[in-house]
Amino acid sequence: MNDMTPNQKERADKLEGMGCKRKRVEDVRFVQGKGNYVDDLKLPGMVFGDFVRSPYAHARIKKIDVSKALALPGVKAVLTAAELKPLKLHYMPTLAGDVQAVLAEEKVLFQNQEVAFVVAEDRYIAADAIELVEVEYEELPVVIDPFKAMAPDAPLLREDIKDKTDGAHGKRKHHNHIFTWEVGDKSATDAVFAKAEVTVKEMISYQRVHPCPLETCAAVASMDKIKGELTLWGTFQAPHVIRTVGSLLSGIPEHKIHVIAPDIGGGFGNKVGAYPGYICAIVASIVLGQPVKWVEDRIENLSATAFARDYHMTTELAATKDGRITGMRVHVLADHGAFDACADPSKYPAGFFNIVTGSYDIPVAHLSVDGIYTNKAPGGVAYRCSFRVTEASYCIERIMDVLAQKLGMDPAELRLKNFVRPEQFPYQSALGWEYDSGDYHTAMQKALKAVGYDQLRAEQKAKREAFKRGETRELMGIGVAFFTEIVGAGPSKNCDILGIAMFDSAEIRIHPTGSIIARMGTKSQGQGHETTYAQILATELGIPAADIMIEEGNTDTAPYGLGTYGSRSTPVAGGAIAMAARKIRAKAQMIAAHLLEVSEYDLEWDIDGFRVKGAPDKFKSMKEIAWASYNSPPAGLEPGLEAVNYYDPPNMTYPFGAYICVADVDVDTGSTKIRRFYALDDCGTRINPMIIEGQVHGGLTEAFGIAMGQEIRYDETGNVVTASLMDYFLPTAVETPKWETDFTVTPSPHHPIGAKGVGESPNVGGVPCFSNAINDAFSFLGSTHIQMPHDNWRTWMAAEKLGLHG
Amino acid sequence: MIPGAFDYHRPKSVAEAIALLNDLGDDARPIAGGHSLIPMMKMRLASPSHLVDLRGLADLAFIRAEGGEVVIGAMTTQHQVIASADLAARLPLLRETALQIADPQIRYLGTIGGNVANGDPGNDMPAVMMCLDAQYEVQGQGGSRRVAAREFYQGAYFTALEPGELVTAIRIPVPPAGHKAAYEKLKRKIGDYAIAAAAVLLEVSGGKITRASIALTNVGETPLLADAASDLLVGQAPDKALCKKAGQAAAAIAAPASDARGPVAYRRQMAGIMTERALIRALGL
Ligand SMILES: Cc1cc2nc3c(=O)[nH]c(=O)nc-3n(C[C@H](O)[C@H](O)[C@H](O)COP(=O)(O)OP(=O)(O)OC[C@H]3O[C@@H](n4cnc5c(N)ncnc54)[C@H](O)[C@@H]3O)c2cc1C
């Protein structure tokens with residue numbers, strides 16, 4: 001845009017289009033406390049539901065007595081599996097081809113599992129009534145450790161499917177086994193390992209964590225029995241899919257279900273799937289003919305709705321002595337909890353974990369994943385990452401450091417040596433993906449330079465020597481991570497959910513005065529869609545972003561889309577809105593030609609309208625064209641300016657980035673100070689640099705939380721011991737490090753505006769970067785891998801194991 | 001996260017509060033700032049049928065000097081403790097500790113009386129009061145009595161308070177000017193209770209430690225007075241090796257639980273490290 005005249009620049013600035021640090025329009029209501037969340041909804045006659053949950057992780061239900069609860073004044077109904085079974089709603093299908101109990105029938109399989117749903121006139125009565133439901137349990141042996149779940153004599157968890165030898169993805173090999181997923185060339189990989197000069201192997205666990213959005217999950221169901229219509233408000237990252245699932249389950253025709261996702265206070269994957277609370281609210285509303293609200297509390301959110309990770313990755317690299325990687329072999333034990341409720345595209349039971357070769361040109365690789373049932377809550381969602389991508393990124397980035405250590409090579413140098421080179425794009429990875437674009441060397445070198453990497457290593461060397469001399473009790477760690485994400489699910493050839501291809505959509509309507517409403521199939525949960533989509537339109541259509549309203553979340557008005565998760569909004573719906581805008585612009589060009597009495601081929605686009613080539617003063621602005629489209633359309637042309645696009649992306653997009661972290665570890669307490677954190681992100685075309693920076697800050701903060709303290713932990717009897725924010729680590733502003741952000745721009749060649757998506761990159765790159773920093777602090781003492789989270793006591797234990805406490 | 005039903009009472013005087021507590025019996029609980037009690041009620045770990053709100057007792061919010069003592073009314077908030085210039089000058093240990101409790105929002109409501117009466121080993125003020133050898137003024141139907149902080153704590157949530165009694169004030173003997181004190185608290189984040197913490201109070205004269213007192217937070221069922229550790233200091237010339245030895249002696253009496261803050265071995269060791277660091281900082285070593 002450097003060749004703009006001052007006049008053009010002034011007009012372009014007015015649009016606040018792509019590249020503008022436009023302030024988030026949604027914040028006007030959020031910062032004034034005027035957001036409209038599910039729990040803000042009040043309907044006449046609305047009643048409240050609350051769950052009776054299991055205190056045990058594995059137990060047989062001998063008896064449920066609801067009589068005392070029903071006798072409490074104000075209690076309207078108590079649902080148990082017995083009530084749901086005749087409706088065939090005591091189980092619901094999961095996105096992963098399994099079923100999940102809505103209300104436990106014969107057994108409970110994890111602590112806090114839903115056993116009964118009490119509906120009462122207000123929340124207080126409901127909370128009192130759940131204490132009056134008497135459930136008699138017989139405790140059964142508990143399996144928490146996924147490694148033990150596969151022992152031949154391990155207790156049988158899923159009696160309901162014990163005779164199923166075939167799962168959704170092939171044969172089950174054990175009664176607690178869900179699936180095996182294999183990718184890559186096993187024999188070629190084994191052959192490379194057999195003759196490799198150097199190999200490394202490490203069991204890298206990515207602990208169970210939870211997305212823990214500020215707003216917990218909630219729904220209000222309202223059945224209008226006269227019209228036979230159901231309205232369902234809820235915290236839905238994918239409202240259209242919820243409507244389809246709701247219709248299939250309930251038998252209510254899809255057009256008679258209205259799903260509305262109002263403002264959402266964070267999702268991070270937690271709000272993609274369907275939960276028993278939604279089903280119970282719907283059933284209760286049908287039974288009672290009254291609106292039913294269900295809002296979970298924090299303990300329920302942390303202990304019963306979808307967790308993330310719990311991947312145990314045995315990882316191997318083969319390389320030459322001088323550091324060229326020749327092969328990779330990974331086996332994952334994936335703990336899915338009691339039901340397989342992962343939210344992955346149907347063909348990918350381990351998501352896109354096969355991005356595990358990362359940013360490196362690894363000639364052969366083999367990956368196998370075994371999904372396992374345990375007595376833990378179901379889930380396995382993509383917590384601020386595309387499906388299982390952060391697990392993959394952690395796996396490769398951690399093992400790269402282990403290899404560097406074995407080779408005696410600097411971790412940055414090892415990465416530079418093995419990067420996919422710019423001329424190799426589009427690059428076919430050994431595990432089956434086609435990387436669209438990248439310039440990894442430039443990004444890495446920029447990062448190294450920005451932090452003064454060589455000086456940092458020199459300082460570290462001096463500190464290590466001082467430590468050995470007993471002059472300091474602090475260790476310095478430098479974490480390097482270079483990630484490649486795979487986002488924007490996705491092309492219909494790869495991706496579907498319940499058979500619905502993972503396209504997304506936009507519908508744009510220009511009003512006579514030239515303002516716009518655009519409706520999208522996605523659903524913002526804090527990403528700022530109302531701001532950024534408008535910027536794409538502003539640039540594409542020459543209408544100021546301030547004159548554009550973006551609407552999402554109402555299935556009656558928005559076009560069908562698959563929702564927002566896996567950084568798919570910009571890559572997929574962002575493509576849809578650009579393509580729909582181009583249809584409008586093509587029509588606008590015809591109208592402009594008509595108005596200017598020239599051929600449309602004589603016109604060229606100029607910021608906010610069309611002008612006649614070579615006659616700059618003959619110009620029609622989009623606002624004038626909009627008016628004309630309603631007032632005097634050319635003969636034969638349909639009036640109005642509207643367009644719809646359903647965008648099926650030709651490929652995924654592959655954002656990448658180089659992150660560097662400097663940490664100081666106090667070996668006597670195990671506490672860590674993050675001295676510096678530098679994040680360079682390349683997300684292709686940058687729509688709003690300020691929103692990108694905000695997303696990076698938020699994602700890094702979550703990555704910091706995960707790497708340095710988050711864990712959903714169970715004791716051996718299956719009690720979840722980290723189910724409140726007193727114990728589940730959510731960093732505050734005080735603990736959060738200062739972030740330094742940077743960027744390069746390598747547009748996606750196949751995306752209409754070249755954008756790749758950024759919301760999840762910082763989580764994907766951040767976690768390995770923090771972990772590598774802590775591991776790096778101890779590596780000179782011979783330690784190869786310390787498991788996350790790197791909280792005080794684990795870090796202290798690592799030091800203890802190395803004999804650092806005298 | 002919804003408490004059971006309760007009745008609410010707001011007495012205007014200590015006498016009225018005590019009468020109410022005694023009339024209503026076992027199901028009544030006093031509530032001060034509510035920042036320990038309400039979370040327990042929301043989780044239904046406590047389900048009192050009556051709450052007797054002490055916030056109407058304005059005469060219990062004060063900080064004043066009485067002879068060689070500082071007396072702090074039970075309803076003085078943690079924020080008021082931090083804001084008091086007098087305390088900052090004469091008992092800087094209190095301000096230092098209060099600043100490490102929870103976060104500002106909680107400190108605006110949480111009271112020092114509630115903090116010491118609560119009986120949760122995670123509370124920070126009890127160990128500090130033991131370290132300073134404070135006395136609690138306790139009032140009940142039968143009149144008032146004084147209980148030494150060092151005698152007050154009997155088990156987790158189990159104190160020397162009888163049903164129907166209130167802590168009305170805390171009396172702290174002011175250590176001589178030039179005394180040395182510190183509170184070292186290791187925690188995971190703002191608003192977290194201690195992994196381990198140590199309060200130390202020292203007097204040094206002629207190059208020797210003449211008086212020492214050490215107490216530990218959250219590494220036992222009650223706050224712990226580390227006598228053996230402080231005995232080891234008295235009469236010695238302060239140096240880092242001595243502080244380390246005292247730390248080890250403090251760790252030896254720690255009996256922490258294993259929880260999300262870490263296993264027993266770690267937390268015990270941290271009691272020692274916190275003691276050592278508090279001593280080193282107090283002594284300016
Ligand atoms: C997120 C969070 C973090 C926290 N972190 C810390 C921390 O790091 N360190 C720390 O020390 N505390 C911490 N607290 C607790 C906080 O300091 C409380 O405010 C304090 O423990 C109790 O004071 P209160 O006035 O709120 O008492 P309340 O909660 O009102 O009462 C606590 C108990 O004491 C009884 N009680 C109150 N006043 C009296 C009285 N005068 N006489 C007799 N009995 C009485 C009540 O009946 C109740 O049993 C935290 C609290 C929260 C919510």
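How many residues does the largest nonpolar core have, and which of them have the most contacts inside it? This core has 188 residues. The most contacts inside it belong to Met313(A), Phe352(A), Phe353(A), Phe677(A), Phe770(A) and Phe778(A). The model is predicted. Chain A also meets chain B, and the two bury about 2100 Å² between them.

**Nonpolar cores**
- Helix α11 of chain A, residues 389–407, gives the most to the largest core, with eleven residues.
- A core of 47 residues lies apart from the largest one. Among its members are Met520(A), Ala538(A), Ala578(A) and Ala755(A).

**Around Phe677(A)**
- Leaving aside neighbours within four places in sequence, Phe677(A) is in contact with residues including Tyr659(A), Ile660(A), Cys661(A) and Leu700(A).
- Trp739(A), Cys769(A) and Phe770(A) are also among the contacts of Phe677(A).

**Where chain A meets chain B**
- The contact involves 24 residues of chain A and 26 residues of chain B.
- Carbon and sulfur atoms account for 62% of the area buried between the two chains.
- Met726(A), Trp793(A) and Trp796(A) supply 24% of the area that chain A buries against chain B. No other three residues supply more.

**Polar links and make-up of the interface**
- Four salt bridges cross the interface of chain A and chain B.
- In a salt bridge, the side chains of Arg44(B) and Glu131(A) meet at 3.1 Å, N to O.
- Eight residue pairs are in polar contact between chain A and chain B, with both residues at pLDDT 80 or more.
- On the side of chain A that touches chain B, α5 (123–130) and α20 (792–801) each supply at least two residues.
- That side of chain A has eleven nonpolar, four polar and nine charged residues.

Definitions and conventions: Residues numbered from 1 in each chain as written. Chains lettered and ligands numbered in written order. Predicted model: local features only at pLDDT ≥ 70, side-chain atom pairs only at ≥ 80, totals over all residues. Heavy atoms only, no water. Core = buried A, V, L, I, M, F, W, Y, C linked by side-chain atoms within 4.5 Å. Buried < 20%, exposed > 50% of the residue type's maximum accessible area, 1.4 Å probe, protein only. Helix = DSSP H or I, 4+ residues; strand = E, 2+ residues; numbered from the N terminus. Contact = heavy atoms within 4.5 Å. Buried area = accessible area lost by both parts, 1.4 Å probe. Polar contact = N/O pair within 3.5 Å; in protein donor to acceptor, adjacent residues only side chain to side chain. Nonpolar A, V, L, I, M, F, W, Y, C, P; charged D, E, K, R; others polar.
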